[in-house]
Amino acid sequence: MEGGGNLEAAIEQLLNVEKQMRLAGDVAGTKKAVTDILLLCFEARAWTTLNDQIVLLSKRRGQLKQAVTAMVQQAMQYIDETPDLETRIELIKTLNNVSAGKIYVEIERARLIKKLAKIKEEQGLIAEAADLMQEIAVETFGAMAKTEKIAFILEQVRLCLDRQDYVRAQILSRKISPRVFDADTSKEKKKPKEGDNIVEEPPADIPSLLELKRIYYELMIRYYTHNNDYLEICRCYKAIYDIPSVKENPVQWIPILRKICWYLVLSPHDPMQSSLLNSTLEDKNLSEIQNFRSLLKQLLTMEVIQWTSLWDTYKNDFENEKSMLGGDLGDKAAEDLRQRIIEHNILVVSKYYSRISLKRLAELLCLSIQEAEKHLSEMVVSKALVAKIDRPRGIVCFQTAKDSNAILNSWSMNLEKLLDLVEKSCHQIHKETMVHKAALKV
């Protein structure tokens with residue numbers, strides 16, 4: 001009890017000193033008095049008194065900003081020294097309430113919220129942790145380091161995905177521009193000019209920019225997997241594959257390159273998919289996994305692919321990759337793969353035929369007439385190709401209906417070509433005649 005009395009007396013004495021310094025406007029003196037009070041409480045392990053003093057000091061009339069900042073920073077160092085979880089949560093909540101609404105301790109508040117969210121998550125309260133993290137808009141903090149901002153937003157996205165709030169996860173992920181990860185970190189940092197915000201150094205536990213890039217794309221893969229957006233998943237894996245540390249290690253890049261190939265094959269045909277397909281085929285590393293190289297080549301070659309032979313060849317590879325596609329997605333992916341092969345075959349047929357009977361089309365696709373018609377109709381609706389079906393006669397026409405201007409233009413082009421040929425022929429005949437006459441004269 002005597003120790004408690006001594007502590008209260010010492011605090012009272014320091015509070016008087018703090019008052020004198022504060023009223024005199026002495027920043028250094030006020031900061032020292034404030035931190036000394038907290039240090040006394042900490043050394044006496046009087047956690048309740050510590051919380052009370054933090055609240056009391058922050059509410060004193062005309063309290064200096066620098067003193068509040070120093071007090072919050074000092075108390076944050078004591079969080080990990082607390083004897084039990086309840087005391088830790090109480091201290092974090094006290095500091096959180098003190099720093100709320102004060103722009104000069106916004107970074108400290110963000111870090112406190114992150115610590116509290118981590119505790120909530122460990123207790124299994126993911127929804128509460130996600131709600132806590134979403135209160136903080138770190139993108140508006142000028143003094144926070146770029147890597148710390150990104151790490152904080154990624155944590156917000158992760159918690160939203162964990163609670164299956166995919167809409168909010170997408171909104172939060174858009175706060176990070178992928179171009180941020182391509183910034184050259186090797187360049188020397190410019191010295192801040194006068195009047196500029198001084199950017200703080202990130203804490204030691206914040207990952208580097210390239211590590212954050214990988215975390216970002218892995219979270220985006222989780223989001224796109226929920227939507228079955230194969231092309232976007234493929235682009236995310238491509239971004240991870242381009243990280244220098246991944247490209248230098250075959251143990252890391254081979255499985256990622258396999259995933260890129262599978263998701264490319266599963267993606268619907270469009271210009272972006274074609275572009276990625278060509279750039280992946282040009283990758284020299286693809287020669288290490290020849291069976292995937294031949295799979296991509298088959299898709300680029302304008303020839304009909306037999307589904308049964310393709311599935312027999314790649315079934316084992318597909319089964320091995322089922323774990324990466326996710327258990328519940330495996331069967332869906334197998335069905336989507338068959339769908340993509342059918343779409344490829346219809347596109348090939350449309351290149352070689354202007355008109356074809358439905359019966360012959362079904363034979364080429366190894367499908368029933370009803371199935372062939374269904375897949376063809378779906379492709380027409382999605383504007384992947386232009387076709388018309390004459391159902392009574394059972395004929396598919398792949399030609400586009402030209403308007404009168406286009407027909408006239410093609411006629412005039414043909415006439416121009418014909419006249420060019422006539423002119424060239426006349427010139428050649430005239431030349432031959434002249435040469436022949438010259439020879440006769442000689």
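**Close-up views of a predicted model**

A search of the whole structure, which is a predicted model, finds 8 salt bridges. The legends below describe some of these contacts and several other local features.

**Figure 1. A salt bridge joins R158 and D162 within helix α8.** The two side chains meet with a nitrogen-to-oxygen distance of 3.0 Å. R158 and D162 are 4 residues apart in helix α8, and so about one helical turn separates them. An α-helix has 3.6 residues a turn, so residues three or four places apart point the same way. D162 is partly exposed, because its relative accessible area is 28%. The contact belongs to a wider arrangement: E155, R158, D162 and R222 are linked in a network of salt bridges.

**Figure 2. The loop between α8 and α9 contains Q164.** Helix α8 covers residues 146–162 and helix α9 covers residues 166–173, with Q164 placed in the loop between them. Although Q164 is not a glycine, its phi is positive, at about 60°. The residue is exposed, with a relative accessible area of 58%. A salt bridge is formed by the side chains of D165 and R168, with 2.7 Å from N to O. Its two partners are covered to unlike degrees: D165 counts as buried at 17% relative accessibility, whereas R168 counts as partly exposed at 39%.

**Figure 3. E232 and R235 form a salt bridge in helix α11.** The distance from N to O in this contact is 3.3 Å. Both residues lie in helix α11, which comprises residues 230–241, and they are 3 residues apart, about one turn of the helix. E232 counts as partly exposed, because its relative accessibility is 22%. R235 is likewise partly exposed, with a relative accessible area of 37%.

**Figure 4. Aromatic rings pair at Y223 and Y224, and a cluster links Y230, Y237 and Y263.** The structure has a count of 4 aromatic pairs. In one of them, the ring centres of Y223 and Y224 are 5.3 Å apart and the ring planes meet at 65°, so the pair is edge-to-face. An angle over 60 degrees is the cut-off for that description. Y223 is buried, at a relative accessible area of 9%, and Y224 also counts as buried, at 17%. Elsewhere, ring pairs link Y230, Y237 and Y263 into a cluster.

**Figure 5. Helix α13 is mostly covered.** This helix runs over residues 250–266 and has 17 residues. At 1.5 Å a residue, α13 should span 24 Å, and its end C-alpha atoms are 24 Å apart, so the expected and computed values agree. Of its 17 residues, 12 are buried. Among the buried residues are W253, I256, L257, W262 and Y263. The charged residues R258 and K259 are also on the list of buried positions, as is C261.

**Figure 6. C160 and C261 are cysteines outside any disulfide.** A search of the whole structure finds 0 disulfides. For C160, the nearest cysteine sulfur belongs to C236 and is 17 Å away. For C261, the nearest cysteine sulfur is that of C234, at 8.3 Å. Because a disulfide requires two cysteine sulfur atoms within 2.5 Å, these distances exclude both residues. C160 counts as buried, at 0% relative accessibility. C261 is buried as well, with a relative accessibility of 0%.

**Figure 7. M302, Y352 and Y353 make a nonpolar surface patch.** The patch amounts to about 310 Å². Y352 is placed in helix α17, which comprises residues 330–352. This tyrosine is exposed, with a relative accessible area of 58%.

**Figure 8. G101 lies in the loop between α5 and α6.** Helix α5 comprises residues 85–99 and helix α6 comprises residues 106–122, with G101 placed in the loop between them. G101 is exposed, because its relative accessible area is 82%. From G101 to R391 the separation is 290 residues in sequence and 70 Å in space, C-alpha to C-alpha.

How values were computed: Residues numbered from 1 in each chain as written. Predicted model: local features only at pLDDT ≥ 70, side-chain atom pairs only at ≥ 80, totals over all residues. Heavy atoms only, no water. Helix = DSSP H or I, 4+ residues; strand = E, 2+ residues; numbered from the N terminus. Buried < 20%, exposed > 50% of the residue type's maximum accessible area, 1.4 Å probe, protein only. Phe/Tyr/Trp six-rings, centres within 6.5 Å; stacked < 30°, edge-to-face > 60°. Expected span 1.5 Å × (residues − 1). Patch = residues over 30% accessible without salt bridge, like charges linked within 9 Å, V, L, I, M, F, W, Y side chains within 5 Å. Areas by Shrake-Rupley, 256 points an atom, 1.4 Å probe, with all protein chains shown as cover. Salt bridge = Lys/Arg side-chain N within 4 Å of Asp/Glu carboxyl O.
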